[in-house]
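Me: Got a minute to walk through a model with me? I'd like to go over the strands first and then the charged pairs.

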Amino acid sequence: MKAREIKQGIYSVGAVDWDRRLFDALIPLPDGTSYNSYLRKGTNKTALIDTVDPTMQSVLFDNLAQLGITHLDFVITNHAEQDHSGTLPVVLEKYPDARVVCTPKCKDMLVDLALAPGERIDTVNDKETISLGDRTLEFIHAPWVHWPETMLTYLREDKILFPCDFFGSHLATTDMYITDEGQAYESAKRYYAEIMMPFRTNIQKNLEKVKDHSIDIIAPSHGPMYDRPRFITDAYRSWAYDDPKNIVVLPYVSMHGSTKKMVEYLVNALAERGVTVKQFDLTVADLGKLAMALVDAATIVIGTPTALIGPHPNVVYATFLANALRPNLKFASIIGSYGWGSRAVETLSAMIPNLKVEVLPPVICKGFPREADFKALGNLAEAIAARHKQNNFVS
Ligand code: FEO
């Protein structure tokens, strides 16, 4: 995208990446992404807020050229991850008077990760400000959204918050502000689930840090901006603070139909008891959707066949992911089948130390499930529904 004016003297100068389909060689990007960079010209000084992914550096430089920018005083670096800071060394070469402004932790990381010149980097304390003349930038340390060095930048007079990854979404669009709220909510929730959820308590603290700031616009470094900030701050409050809901997430694999039959039975038994189930066949599932489902769920039931005595590798991967994302789950169980022997339950149980859950009795059957197995699945559904009810988890 070409440079666009947000308000007088403030421009969006970043890049939209329509075609990127994988982030960190890990996270699916079904809707692409953007690397947003912002320019604020004050009466005395000019600041660039965050840069772009190195693959898009020509877009950033073309946009700065379009605006006639030949001099930068500051490059505000909210976050050291390469999609925002990978272009920093080239920006510093092109603008030899520019000073980098970041947190002390971020300085070390920029030197290590981007090989940025440390002598060009100034660090700021929490709540410290710098003046651009008629405009003031306030820096709000916000550790762990989602790295330890992160900060937010607040442009006081214009009431714009630049939170980098915080409140972001992987969504490629020509729109400066969100237009389709349903799509924006889905993209932001996916982003929260995959990137922010492991740091839920830090998210809560950082939400408190900005709650008294008067904010007209939130301008994140991924996805469109929010001209109705409550849309995204309320969503974050809900994801970070709310109790889990009356939902079971059921990721599974079935090799020869036995586990699938058990999954079908359990899903029906739960639905009959008023529990919402989100079922994912891990041979085809979008793991981003699984992560989103984990934001709200109270219970996870993992379904696996036995392969080489252990759980199916796709189930191992999804279980590792669920444990790493640290969702607010309260209960867990395992169902599945085996032909002649299995250590699947022991292996999976040992993989979820981060999930502070009560583990309900697993249901593992030899071969194809029979009456006793269906009865055990019914008991499991009953136990889950009862616990959700006791805890007042609502849909
Ligand atoms: Fe968008 Fe943590 O980088």
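What follows is a chat about a sheet, some salt bridges, a helix pair and a serine.

Me: Before we start, what kind of model is this?
Reply: This is a predicted model, so keep that in mind throughout.

Me: OK, sheet first. What is the strand order in the open sheet of 5 strands?
Reply: The order runs S12-S13-S14-S15-S16, and the pairing is mixed.

Me: And which strands stand at the edges?
Reply: S12 and S16 do. Each has a single partner strand, so one side of each is left without a neighbour in the sheet.

Me: Let's look at S13. Is it buried or exposed?
Reply: Strand S13 covers residues 136-141, and 6 of the 6 are buried, so the strand is largely enclosed by the rest of the structure.

Me: Which residues sit on which side?
Reply: Thr 136, Glu 138 and Ile 140 are on one side, with Leu 137, Phe 139 and His 141 on the other. Both faces are covered, and all of those residues are buried.

Me: How does S12 pair with S13, parallel or antiparallel?
Reply: Antiparallel, over 3 bridges, with S12 being residues 129-131. Ser 131 stands opposite Thr 136 there.

Me: What about the hairpin between those two, which residue takes a positive phi?
Reply: Gly 133, with phi near 110 degrees. The hairpin of S12 and S13 has 4 residues between the strands.

Me: How many bridges join S13 to S14?
Reply: 5 bridges, and S13 and S14 (residues 151-155) run antiparallel. Leu 137 has Leu 155 in S14 as its bridge partner, while Ile 140 stands opposite Leu 152.

Me: Switching to charges. How many salt bridges does the count come to?
Reply: The count comes to 20 salt bridges. As background, side chains of opposite charge can pair when their charged atoms come close.

Me: Start with Glu 181. What does it form a salt bridge with?
Reply: With Arg 228, where the closest N and O atoms are 3.2 Å apart. The pair links distant parts of the chain, 47 residues apart: Glu 181 is in helix H5 (residues 181-196), and Arg 228 is in the loop between strand S16 and helix H7.

Me: How accessible are those two?
Reply: Glu 181 is partly exposed, at 38% relative accessible area. Arg 228 also counts as partly exposed, at 44%.

Me: Which residue does Arg 190 pair with?
Reply: Arg 190 forms a salt bridge with Asp 286, with the closest N and O atoms 2.7 Å apart. Arg 190 lies in helix H5 and Asp 286 in the loop between strand S18 and helix H9, so the pair ties together parts that are 96 residues apart in sequence.

Me: Is Arg 190 buried or exposed?
Reply: Buried, with a relative accessible area of 8%. Its partner Asp 286 counts as partly exposed, at 26% relative accessibility.

Me: What does Glu 358 form a salt bridge with?
Reply: With Arg 387, and the closest N and O atoms are 3.0 Å apart. Glu 358 is in strand S23 (residues 358-359) and Arg 387 in helix H12 (residues 371-390), so to speak of distance along the chain, the two are 29 residues apart. Glu 358 counts as partly exposed at 34% relative accessibility, and Arg 387 is partly exposed at 22%.

Me: Which residues are linked in a network of salt bridges?
Reply: Arg 40, Asp 134, Arg 135 and Asp 158.

Me: Back to H12. At what angle do H8 and H12 pack?
Reply: About 40 degrees, with their axes 9 Å apart, H8 being residues 258-272. That makes H8 oblique to H12, and their crossing is right-handed.

Me: Which residues meet there?
Reply: From H8 there are Lys 261, Met 262, Tyr 265, Leu 266, Ala 269 and Leu 270. In H12 they meet Phe 374, Leu 377, Gly 378, Leu 380, Ala 381 and Ile 384.

Me: Last one. Where is Ser 12 found?
Reply: In strand S2, residues 10-12. Ser 12 counts as buried, at 16% relative accessibility.

Me: What is Ser 12 in contact with, leaving aside neighbours within four places in sequence?
Reply: Ser 12 is in contact with Lys 2, Ala 3, Arg 4, Ile 6, Ser 37 and Tyr 38.

How values were computed: Residues are numbered from 1 along each chain as its sequence is written. This is a predicted model: local features need pLDDT of at least 70, side-chain atom pairs count only at pLDDT 80 or more; totals for chains, interfaces and linings use all residues. Side-chain values use heavy atoms; hydrogens and water are left out. Buried means under 20% relative accessible area, exposed over 50%, partly exposed in between (1.4 Å probe, protein chains only). Two strands pair if DSSP finds at least two bridges between them. A salt bridge is a side-chain nitrogen of Lys or Arg within 4 Å of a carboxyl oxygen of Asp or Glu. Axes are lines fitted to C-alpha atoms, for helices over the stretch in contact, and angles run from 0 to 180 degrees between N-to-C directions. Angles under 35 degrees count as roughly parallel, over 145 as roughly antiparallel, 65 to 115 as roughly perpendicular and the rest as oblique. A crossing is left-handed if the near helix is turned anticlockwise from the far one by less than a right angle, and right-handed if clockwise. Contact means heavy atoms within 4.5 Å.
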